[in-house]
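Reader: I'm new to reading protein structures and I'd like to look closely at one part before anything else. Could you walk me through it and then show me what goes on around it?

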Amino acid sequence: MNLTAVDSADPDLADTAKKLNEQGLTIVDRTAIVRHICQRFRFSDDLFDGLIFARATKAIIRAISRPIDVTASPALDRIGIDFLRIDMANPRMTTSAAMTWARYAQQNAVDTTAQQCEAFLGRKRFCVNDTQLDTCTGRGFVFIRHYGHGLGVGFLESTRRSDDNFRRVRSMYPRAYAADLENTSPFGNPL
Amino acid sequence: MADPSTFERYRSVIADWDEFAEAINRPLPVCIWANPLKTTSSELEELLSKNDIDAEPLSWRDGAYRLVDTARPGSRIPFLAGLYQIQEEVSMLPVELLDLRAGQRVLDTCAAPGSKTSQIAATLGNTGTIIANDRNFRRMRALSRSLDRLGATNVGVMTRDATNMPGAIGSFDRILADVPCSCEGTTRKNRDATVATDDDFNYLCTIQRAILKRAIELCRPGGRVVYSTCTYAPEENETIVDSVLREFYDECRLIPARIPGFPASPGLLHWQQQSYDPQLEHALRVYPHQHDTGGFFVAVFQKTRS
């Protein structure tokens, strides 16, 4: 993804950009980011208007409220939430971003059953049915939701119908989160 | 089991001693609040019901609930989706008393593990700026997880010594100084909690006073500083507030810390041989038997000028 730093002459952002820069973050032009995620998930165009996107590391773009009133020092350990991983051919939204914005996605979001949801949270692959594929446009990252609320990101291996070997979702739920759920049931069922 | 005689030194200031002694051994109810960044209280109630989570609304705070017989609420689906946050009921008081308004700049001096920072972020609705600080970076991981789960995009996190916060951080409209304390009020969830020794008091009070003083200095005129602890000890509560009121007598005053519908007691004006500033009556003492919570102390400072 080709991301350029915002023009520091932008009067709305110049001061914030300077301070965030001192904090090791570079505000990047939102156009490419918003276009990429809207294309995949069909978000409404103005959903991210209240956010600044800033590059925190080579791999991570953070989403930060706009306006934000930080100082150049002392150093912050983090600000905002991890939004997009860009160190891959096809950048993907992070789990925290999925948990926050998946409910607004109009495509490539899988509303899971209880069993699928448990599989996802346990980092296991699961199959999706034809109805769940209706809003999926093709192989790639999908949001995993339950009752419409985002839980994280999965990878849909194919949208080829009538073949359970293909229409599977690989869970990308973070290992640390899944470890916390060992020996528990997210639905409160006895184990 | 907590031994009520451990707290004998407070018998003279706790009106219903027998009820107090009985209450400190009851299990503490688990409370949650709906995350307004992602849902509404009515939507959450519907989801809790679908997930067989039995919850009773709190009378004094909209969107907050006491759970009934719910095991491990931190592993249930609505929690994992960031729709609610678990927080002890009494620990919601300091943030309520901050009287937050959208767009404010807020400092949480001792933020870990982060339930109060999360409450601030939710109340501000992702507007304004929150700086969450705590010296203990390991405990700050829990805070980062909560912020990710709740979708808080306006929080900066740092790990500095709150007694010595640099002036370069700027001034704040609201500051929460929920200071480290002897935790006497937590016996209902921590059976080992006990009365502090003189050495503990000396160590803790030095830190508490320094954190509160720095908070007053960093607050903007017209702003508020909320000082809170989860202990009964007047040495860590009224004595600290009194000494800071004396030092900053022309810069700040105490304003009433009262929450309609939440029964509590006023701050003490005397303890042992000591008398305190009459403004201490505005402080808030919470004992476990008054509202079936843990013990707590809150004082609200209004900064009048710098």
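How many of the 10 residues of helix α5 (residues 115-124) of chain B are buried?

Author: Keep in mind that this is a predicted model. Nine of the 10 residues in α5 of chain B are buried, so the helix is largely enclosed by the rest of the structure. Here's the roll call: S115(B), K116(B), T117(B), S118(B), Q119(B), I120(B), A121(B), A122(B) and L124(B). Right after the helix comes G125(B), with a positive phi of about 60°.

Now set that beside another helix of chain B, α2 (41-50). Here the buried residues are L44(B), L47(B) and L48(B). They sit on the same side of α2(B), because the arc they cover around the axis is only 100°. There's a general reason behind that kind of spacing: an α-helix has 3.6 residues a turn, so residues three or four places apart point the same way. What lies over those buried residues? The cover includes β10 (149-156) of chain A, along with β1 (31-34), β2 (54-57), β3 (64-68), α3 and β4 (84-86) of chain B. Following α2(B) you meet D52(B), whose phi is positive, near 55°.

α2(B) also holds a salt bridge, between the side chains of E46(B) and K50(B), at 3.6 Å from N to O. These two are four residues apart in the helix, so about one helical turn separates them. Both partners are partly exposed: E46(B) has a relative accessibility of 48%, and K50(B) has 44%.

Other salt bridges in chain B link stretches further along the sequence. Take D292(B) and R188(B), whose closest N and O atoms are 2.6 Å apart. D292(B) is in the loop between α9 and β15 (296-303), while R188(B) is in the loop between β8 (172-178) and α7 (198-218), so the pair ties together parts 104 residues apart in sequence. D292(B) counts as partly exposed at 23% relative accessibility, whereas R188(B), at 5%, counts as buried. Then there's E247(B) with K213(B), at 3.4 Å between the closest N and O atoms. E247(B) belongs to helix α8 (residues 238-247) and K213(B) to helix α7, so this bridge connects parts 34 residues apart in sequence. Both ends are partly exposed, E247(B) at 45% and K213(B) at 26%. Some bridges share partners, and in that way E22(B), R26(B), R66(B), E89(B), R188(B) and D292(B) are joined into one network. Over all chains, the structure holds 30 salt bridges.

Two members of that network, R66(B) and E89(B), also turn up next to H291(B), which touches S59(B), W60(B), R66(B), E89(B), G261(B), F262(B) and P263(B), leaving aside residues up to four places away in sequence. H291(B) is part of helix α9 (residues 288-291), and with 18% relative accessibility it counts as buried.

Let's move on to where the two chains meet. In chain B, 38 residues are in contact with 41 residues of chain A. Together the chains bury about 3,100 Å², with 55% of that on carbon and sulfur atoms. I77(B), D148(B) and T153(B) lose the most area on the chain B side, together 21% of what that side buries. D148(B) has another role here: its side chain meets that of R78(A) in a salt bridge, 3.2 Å from N to O. The interface has three salt bridges, and 20 residue pairs in polar contact. Five residues from α6(B) form the largest share of the side that touches chain A. Sorted by type, that side has 15 nonpolar, 12 polar and 11 charged residues.

Finally, hop across to chain A, which has six helices and 11 strands. Of its 191 residues, 51% are buried. In its helix α1 (residues 14-22), the buried ones are T16(A), A17(A) and L20(A). They cover an arc of only 100° around the axis, so they share one side of the helix. K18(A) and E22(A), on the other side, are exposed. Among the elements covering the buried residues are β1 (26-27), β2 (51-55), β3 (60-65) and β4 (78-79) of chain A. After α1(A) comes G24(A), whose phi is positive, near 90°.

Terms used:
Residues numbered from 1 in each chain as written. Chains lettered and ligands numbered in written order. Predicted model: local features only at pLDDT ≥ 70, side-chain atom pairs only at ≥ 80, totals over all residues. Heavy atoms only, no water. Buried < 20%, exposed > 50% of the residue type's maximum accessible area, 1.4 Å probe, protein only. Arc of directions from axis to C-beta. Contact = heavy atoms within 4.5 Å. Buried area = accessible area lost by both parts, 1.4 Å probe. Salt bridge = Lys/Arg side-chain N within 4 Å of Asp/Glu carboxyl O. Polar contact = N/O pair within 3.5 Å; in protein donor to acceptor, adjacent residues only side chain to side chain. Nonpolar A, V, L, I, M, F, W, Y, C, P; charged D, E, K, R; others polar.
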